Amino acid sequence: HLPGAVPSECPAIVPRCLWGARPYRGTPTPLRPPLGSVFLHHTLEPARPCRTFGACARAMRDMQRFHQDTRGWDDIGYSFVVGSDGSLYEGRGWHWVGAHTKGYNTRGFGVGIVGDFTATLPDTDTLALVRDELLPCAVRSGHVRPDFTLLGHRQLGHTDCPGNALFQEMRSWPGFQ
């Protein structure tokens, strides 16, 4: 940001229509904001971070196809997905219950970062987009409570998600418990 510039309210979110989302199957369940938590994930597949809009849009379509066709879910599971192209992608978004953290989907938003972060971290810009832009925006806009908790998927289920490297990093972020 320029010195003295006020950061914008929220980072731009690439809407579903721009990444080529299929329609939601059935009727989505509305969330009741403000929610108390944000759950951080890594996508694992694709394992490599996407660095262009084309690659990230393709990753979104592949994840949605896997979630709908293989897992039998109504839609892509995540609320939002973060690419290493500097963009935030709308999954189920701010308004609809996701399928990201079994048993907790009505209590928080699921944010996935494209890649496998077991051994390596996302780019610093990608981390900053989540930590410094998305999380404060979620609070300011009333989607998440000011005293929200940030949790890694592994804290609520039998999984290594969001990967050891990313989990260690997020432990220093505001709201981590």
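Two strands count as paired here if DSSP finds at least two bridges between them. Keep that cut-off in mind for the tour of this predicted model.

**Stop 1: the edge at strand 1.** Select I13. Its bridge partner is L88, in strand 4. Now widen the selection to strand 4, residues 88-90. Two bridges join strand 4 to strand 1, and the two strands run parallel.

**Stop 2: the whole sheet.** Show all the strands. Six of them form an open sheet with mixed pairing. Read across in the order 1-4-3-5-2-6. Which strands stand at the edges? They are strand 1 (13-14) and strand 6 (144-152). Each has a single partner strand, so one side of each is left without a neighbour in the sheet. While side chains are on display, recall that in a regular strand they alternate between the two faces of the sheet.

**Stop 3: strand 5.** Select residues 108-113. Is this strand enclosed or open to the outside? Buried means under 20% relative accessible area. Six of the six residues in strand 5 are buried, so the strand is largely enclosed by the rest of the structure.

Next, look at the neighbours of strand 5. Strand 3, residues 80-82, pairs with strand 5 in the parallel sense over three bridges. Pick F80 to find one of the contacts: its bridge partner in strand 5 is V111. Then move to strand 2, residues 35-42. Six bridges join strand 2 to strand 5, again in a parallel arrangement. Select S37 and G108 together; G108 in strand 5 is the bridge partner of S37.

**Stop 4: the largest pocket.** Select H42, T43, H67, R71 and Y78. Of the 29 residues that line the largest pocket, these are the closest to its centre. The space in this pocket is about 650 Å³.

Which element gives the largest share of the lining? Colour helix 2, residues 53-70. Helix 2 contributes seven residues, the largest share. Strand 2, from the previous stop, also supplies at least two lining residues. Now colour the lining by residue class. The count is 12 nonpolar, 10 polar and seven charged.

**Stop 5: the annotated region.** Zoom out and select residues 11-157. An unreviewed UniProt entry annotates this range as "domain: Peptidoglycan recognition protein family". Over these residues the chain is 27% helix and 21% strand. To finish, pick the C-alpha atoms at the two ends of the range: they lie 29 Å apart.

Definitions and conventions. Residues are numbered from 1 along each chain as its sequence is written. This is a predicted model: local features need pLDDT of at least 70, side-chain atom pairs count only at pLDDT 80 or more; totals for chains, interfaces and linings use all residues. Side-chain values use heavy atoms; hydrogens and water are left out. Buried means under 20% relative accessible area, exposed over 50%, partly exposed in between (1.4 Å probe, protein chains only). Helices (H or I, at least four residues) and strands (E, at least two) are DSSP runs, numbered from the N terminus. UniProt positions are given in the numbering used here, feature names are shortened, and annotations may be inferred rather than shown by experiment. On a 1 Å grid over the protein atoms alone, a cavity is a set of points where a 1.4 Å probe fits but cannot get out, and a pocket is an open set with protein on both sides within 12 Å along at least five of seven lines; lining residues have an atom within 4 Å of a point. Grid points are joined across faces, edges and corners, and a volume is the space filled by probe spheres set on the points. Ala, Val, Leu, Ile, Met, Phe, Trp, Tyr, Cys and Pro count as nonpolar, Asp, Glu, Lys and Arg as charged, and the others, Gly among them, as polar.
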